[in-house]
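Dear colleague,

I am passing on the structure we spoke about, with the sequence alongside. Please have it open while you read the notes that follow.

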Amino acid sequence: MSHQRASSRHLRNRHGSQNSRIDNIGQQTPKERQEKYDEGANLYPDEDYFDLSDTSEKGGDWSPAALENGAAHKPVQLPPYQAPLSPPPILPSGASTPNHYMTSQGNPVVTYPPPPPTWSNMPNKVQLAILAGSRFVDFFQMAALQTYMVHQLKSFDPTLPDVTISHQAGVLQGAFTAAQIVTSILWGRTADQPTVGRKMVLNIGLVGTGIGCIGVGFSRTYGQAVFWRLMSGAINGTVGSARTMVAECTPKPWHPRAFLLLPAAFNVANVLGPILSGMLVNPVYGFPTWFGPGGTFGGADGVGWMRAYPYALANLISATLLVGEAIIVHFFLEETLKGKRPMEISRFDPVRLVRTAYTHVANAKSRGYRLIQDTQRQGLLSNQEQSIEMDGLAVTGDKNEPRPVQILPFRRIWTPNVLWTLLSIAIFDFHMGAFANLWILFLATPREFIPGVSDAAPDALPLPTKDEQLAVRSAFKFASGLAFPPPTIGFAMAIIGFIGVALQFLLYPWANGRFGLMRCFRGSLFLFPAAYYLAPYIALLPSASPPPSPASGHAVWLGISFVLLLQVSARTFALPASIILLNNSSPHPSVLATIHGIGQACSATFRTLGPVLGGYWYGVWTERGIVGMAWWFTGSVAALGSVASFWVRNGSGHEIFLPGEEGEMKEGETGGGSGDGR
């Protein structure tokens, strides 16, 4: 025991003297420090003179945020004896203290863990706010249209039955995403071009969608409205560009928080869009003191163009927000594409562009195979232990010369993880699109549905007898909706946003930090089928008002809130997770915008099929007296998506390494990705 105490005193004295020497180094001249260092080296020739590490392992105290986001220690090395040695830098609140000091060839080195990512220390807040604003205005115009879409379609031809209106609503809602099927990949590839960049694609989409909103507002026929929605979708490449810029302007430890802003913008738009647009529909009658006959702006007969186009003002609000955001993007948003250079319009030759594209397509296969074989042969001759997937170019020239930006060929981006992620996103977007259409149709369907008769023109056809009107009701066979008018539909839609905003900022951060990205993603998908299976039963809840008046009362609104709580809770976790997983599935950073473009095309495809098929199912089965069948079909598709999610994994965003990226490959082996595998 006495020997142990003596050894302990010896160690404490020795480390204490070392600590004092370290603290006094900053007050010594370079020559004195060199002498002290030589003295210490002579006293302890077999030990590191500046090694103050404790018995903990070298990795130190990693914070949960650092483990979650793949952060690694980064040593900070001071120049040898050129400036007074300062104490370790003051770390942000919550960060661990430095782990140890050591010397590397006489150079003092301090290693400490990175600070945990928080909202307060998130970089590029202004840029992220502008990008979130771009998603807000895009979601706003979609939420606004959904509020009055059914009633605007009925205004085109009041004699059409509700079954036809259901089909038209599905086509009108799907037209926007149908055009994106073709153009999303093209916009993604365009955003990767150094002469175009992400910012220009984002601006083009905002302005073009604003023009489309104006066209829809002043449409007089169903065909005109479909045309303007197709045009808006074709020119809208904002989703892929915004997601790519969020990923590029934010370090990976902050990705879970940064990507949370996009669905948060979606939820805020779902609050404001339906409420504002529902209030502004038919303003001559909604605000008679301002726009009606004898009103402030109305004149003798009211505002003429508002009487002729009762849905124009709501669309003009959406267009104004889109153009205003485009101005902000133009002047204040910074381009994130590396190697961006100005576009030279004078040198643009469309004929040469088409010829070059055809030549690349014709020779891509043979050129790719030949050059891949050459580069792989070089790798084998250099005795590399790990094979590296090569690009279509071999490494040549001096290593000190700056290498041009390498782009992964399009044919090599289809990794298994990319395909599984796209499949999961496809199913997710299908039932999300179907829900958006089914929910609007269900809210607007009459309380006592009469096959073949529209509630907009009940006198157009002879009414059936009382016994024919009342369809036989059972637990599965009933054909009733809620008969809500546009303002009430807007409020019911706003509940989605209210619940989403609360869950997004209160539940999501805690649950994501507690259970991890993958567990939250997979678990949330099981809530979608439950919400869809229960939704049609809201029509059977007791109402305070008898049919055919709109449904009302506490039971009805509690049922609406419960179903939306399930659906929005699932979406709160699934939507940001799907964005992060798609971003991390990218096999190479050079094709990040392309991956987001493909994801947007996949999303657009199934967001088109979802409303169209959902509307078709709803019209057909409501005519047969089973309004819930469309909901139950959609719930079954959502259940398949829950199973498919178990084959999706959280990637690193850089799985294929091109020539000259061996160093990045080694860094990726030690720690990469923006999330754990849980």
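How far apart are the end C-alpha atoms of helix 15 (residues 416-444), and what span should its 29 residues have? Before answering, I should say that this is a predicted model. At 1.5 Å a residue, helix 15 should span 42 Å, and its end C-alpha atoms lie 43 Å apart, which agrees with that expectation. As for its surroundings, 25 of the 29 residues of helix 15 are buried, and the helix is therefore largely enclosed by the rest of the structure.

The remaining points concern the backbone in three loops. Most residues other than glycine have a negative phi, and most peptide bonds are trans. Against that background, the bond that joins Pro-547 and Pro-548 is a cis peptide bond, with omega at about 5 degrees, and Pro-548 sits in the loop between helix 20 (527-534) and helix 21 (554-584).

Two asparagines also deserve a look. Asn-124, which is not a glycine, nevertheless has a positive phi of about 55 degrees, and it belongs to the loop that runs between strand 3 (107-111) and helix 4 (125-156). Because its relative accessibility is 38%, and partly exposed covers the range between 20% and 50%, Asn-124 counts as partly exposed. Asn-282 likewise has a positive phi, near 50 degrees, and is placed in the loop between helix 9 (255-280) and helix 10 (283-286). With a relative accessibility of 26%, Asn-282 also counts as partly exposed.

With best wishes

Note on methods
Residues are numbered from 1 along each chain as its sequence is written. This is a predicted model: local features need pLDDT of at least 70, side-chain atom pairs count only at pLDDT 80 or more; totals for chains, interfaces and linings use all residues. Side-chain values use heavy atoms; hydrogens and water are left out. Helices (H or I, at least four residues) and strands (E, at least two) are DSSP runs, numbered from the N terminus. The expected span of a helix is 1.5 Å times one less than its number of residues. Buried means under 20% relative accessible area, exposed over 50%, partly exposed in between (1.4 Å probe, protein chains only).
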